[in-house]
Amino acid sequence: YKDEMKAMRPSLSVLLNHLDYIVKLVGVDYVGLGSDFDGIEAPPLELNGVENMPLITKALLERGYSKKDIQKILGGNFKRVFT
């Protein structure tokens, strides 16, 4: 069963492609990622828990996102909206 679930998990690049699409669609000021894994059936292969979240930061830098935009995506936008 564990091998079956692993085979169903997408790569991190799938998540990043979705993120790129949404950023292009609505702008970086309206995008945010949470750190909880509650309710998702198949997280990306590389993300086994919150301890792997730095992989997202690294990948966003590699895709050309600025540090400022990454801060927005990884919490800054939530903070702006909820305060």
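Phenylalanine 78 and phenylalanine 82 both belong to helix H4, which covers residues 67–82, and they stand four residues apart, a spacing of about one turn of the helix. The model in which they are seen is a predicted one, and this pair of side chains offers a convenient place to begin reading it.

The structure holds one aromatic pair. Its members are phenylalanine 78 and phenylalanine 82, whose rings are stacked, with 6.1 Å from centre to centre and 10° between the planes. A pair of aromatic rings is described by the distance of the centres and the angle of the planes. The pair counts as stacked because planes under 30 degrees apart are classed in that way. As for their surroundings, phenylalanine 78 is partly exposed, with a relative accessible area of 36%, whereas phenylalanine 82, with a relative accessible area of 66%, is exposed. The reason for the two labels is that exposed means over 50% relative accessible area, while partly exposed begins at 20%.

From phenylalanine 78 the reader can pass to glycine 32, for glycine 32 is in contact with Phe78 and also with Ile73, once its neighbours within four places in sequence are left aside. Glycine 32 sits in the loop that runs between helix H2 (12–26) and helix H3 (54–62), and its relative accessibility of 36% makes it partly exposed. Between the C-alpha atoms of glycine 32 and isoleucine 70 there is a separation of 9.4 Å, although these two residues are 38 residues apart along the chain.

Seen as a whole, the protein chain has four helices and zero strands, so that its pattern, read along the sequence, is α-α-α-α. Its C-alpha trace spans about 40 × 25 × 25 Å along the principal axes. Of the 83 residues in the protein chain, 27% are buried, and the accessible surface comes to about 6000 Å², with 58% of that area belonging to carbon and sulfur atoms. Where contacts between residues at least 6 apart in sequence are considered, 71% of them join residues at least 24 apart.

The last feature to look for is the largest pocket, which has a volume of about 230 Å³. Its lining is made up of 15 residues, and those that lie nearest its centre are Leu15, Gly34, Asp36, Phe37 and Ile40. Sorted by class, the lining of the largest pocket consists of 10 nonpolar, three polar and two charged residues.

Notes:
Residues numbered from 1 in each chain as written. Predicted model: local features only at pLDDT ≥ 70, side-chain atom pairs only at ≥ 80, totals over all residues. Heavy atoms only, no water. Phe/Tyr/Trp six-rings, centres within 6.5 Å; stacked < 30°, edge-to-face > 60°. Helix = DSSP H or I, 4+ residues; strand = E, 2+ residues; numbered from the N terminus. Buried < 20%, exposed > 50% of the residue type's maximum accessible area, 1.4 Å probe, protein only. Contact = heavy atoms within 4.5 Å. 1 Å grid on protein atoms, 1.4 Å probe; cavity = no way out; pocket = protein on both sides within 12 Å on 5 of 7 lines; lining within 4 Å. Points joined across faces, edges and corners; volume = space filled by probe spheres on them. Nonpolar A, V, L, I, M, F, W, Y, C, P; charged D, E, K, R; others polar. Areas by Shrake-Rupley, 256 points an atom, 1.4 Å probe, with all protein chains shown as cover.
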